[in-house]
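Biologist: I'm new to this one, so could you walk me slowly through one part of it? Please start from a single residue and work outwards.

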Amino acid sequence: MTDSEFEITADLVRGLLREQHPDLAGLAVREVAGGWDNQQWCLGDELAVRMPRTERAPALQRKERRWLPLLAPRLPLPVPHPVRVGEPSTRFPKHWTIMTWVPGEPLDRTAISRGGHAADTLADFLKALHVAAPADAPGPSDRGAHPSTYTEGFDHFFRAVVPDGIAEEVRAVWDDAVAAPAWEGPPVWVHGDLHPANVVVSGGTLAGVIDFGDLFAGDPAWDLAAAWVILPEGAAARFFDAYARADGATVRRARGLAALKSLFLMLMGQNGDRGLPGGKPAWGPAGRAALDRVLSTDGRKGVASRQRPRFSGRAART
């Protein structure tokens, strides 16, 4: 999961601040749980230090530093934006970033209680984000293409975590997404990694969006999957009505991608329960709930279909 030979500690962060940003060195430093590519530290009340800890993390930080200052001013929710850059040194050999802090509780540690408000808020945010991107915008990398590109990954997650009792339903959702026409519009800005750990909640509703390292220009279906992955039961239809830009093919791709993301969250939760590197125990329940929401809709603009029992329990396949 990491390639760093340097242990990232509070003392290291304080030392780097004293050397490179001494005016900030007196602020309290507190480690923030979570994070995958970056280890994050809260700096005072309004800033965060993001320290790269995987091979790809420096490139993701460069992307955030390049594009977030342009995107943030027109987005209706708080998002982090860079305020300082840390240079490689003998203490730490990579660039690192000081960002603004987005207050709120990550959704994988809390819940949305105001589903309608959250649906409208997410729709407004994505309408503002999903505009045509410039020619030099980053393209898709390991995500962002048509769902058919990711069938091998889906099959891996499917075998690992899908209980037998819902296997046919899950497979049907994915097959429908694979059969859906591709995005034919211009490449638009896409967050690319909307899931419960990358949004924050306050007052029972969405209060911010974080971690734009996977930002790309492409198919908005990758973000529209959040209608099921992030929003609570029954909110998807309201979201799509408020968003008002998704045709039937886009909704089909989004629903399949929501299933893919749900299975990934379940697998990370399973790995966390087993104590494996990179595992996230809190992601398992979030993924199982998201998949149940996917299966509770008929795919037409997120409209609820028949009531179905919620499934529970761990994976039934190996």
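Biologist: Where is the place of Asp-211?

Modeller: Keep in mind as we go that this is a predicted model. Asp-211 sits in the loop between β9 (205-209) and β10 (216-218). Its phi is near 55 degrees, which is a positive value in a residue that isn't glycine. For background, most residues other than glycine have a negative phi. As for the surface, Asp-211 counts as partly exposed because its relative accessibility is 25%, and the partly exposed class runs between 20% and 50%.

Now look at Ala-244, where a positive phi turns up again, near 60 degrees, and again in a residue other than glycine. Ala-244 is in a loop too, the one between α8 (236-243) and α9. With a relative accessible area of 60%, Ala-244 is exposed, since the cut-off for exposed is over 50%.

From that loop, step into α9 itself, residues 248-273. One of its partners is α5, residues 167-179: the two helices pack at an angle of about 135 degrees, and their axes are 8 Å apart. That makes α5 and α9 oblique to each other, and their crossing is left-handed. On the α5 side, the residues that meet α9 are Val-170, Val-173, Trp-174, Asp-176, Ala-177 and Ala-179. From α9 come Arg-252, Arg-253, Arg-255, Gly-256, Leu-257, Ala-259, Leu-260 and Leu-263. Sort the residues of this contact by type and you get nine nonpolar, one polar and four charged.

While you're at α5, pick out Glu-168, which belongs to that helix. Glu-168 counts as exposed, because its relative accessibility is 73%. Follow the chain 13 residues along to Pro-181, and the C-alpha atoms of the two are separated by 22 Å.

Back to α9, which has another helix partner in α10, residues 283-295. Here the axes come within 7 Å and cross at roughly 155 degrees, so α9 and α10 are roughly antiparallel to each other. This crossing is left-handed as well. The α9 residues in the contact include Arg-255, Ala-259 and Leu-263, names you've already met in the list facing α5. Also taking part from α9 are Ala-258, Ser-262, Phe-264, Leu-265, Met-266, Met-268 and Gly-269. Across from them, α10 brings residues including Trp-283, Gly-287, Leu-291 and Leu-295. By type, the residues of the α9 and α10 contact split into 12 nonpolar, four polar and two charged.

What about the inside? The largest nonpolar core has 76 residues, and those with the most contacts inside it are Phe-125, Leu-126, Val-170, Trp-228, Phe-239 and Leu-263. Of the elements, α9 gives the most to this core, with 11 residues. There is a second, separate core of 16 residues, and Ile-8, Leu-17, Trp-41 and Trp-96 are among its members.

Leu-17 takes us to α1, residues 10-20, where it is one of the buried residues along with Ala-10, Leu-12, Val-13, Gly-15 and Leu-16. The buried residues of α1 pack against four strands: β1 (29-32), β2 (38-43), β3 (47-52) and β5 (96-100).

Note on methods:
Residues numbered from 1 in each chain as written. Predicted model: local features only at pLDDT ≥ 70, side-chain atom pairs only at ≥ 80, totals over all residues. Heavy atoms only, no water. Axes fitted to C-alpha atoms, helices over the stretch in contact; angles between N-to-C directions. Parallel < 35°, antiparallel > 145°, perpendicular 65-115°, else oblique. Left-handed = near helix turned anticlockwise from the far one by under 90°. Contact = heavy atoms within 4.5 Å. Nonpolar A, V, L, I, M, F, W, Y, C, P; charged D, E, K, R; others polar. Core = buried A, V, L, I, M, F, W, Y, C linked by side-chain atoms within 4.5 Å. Buried < 20%, exposed > 50% of the residue type's maximum accessible area, 1.4 Å probe, protein only.
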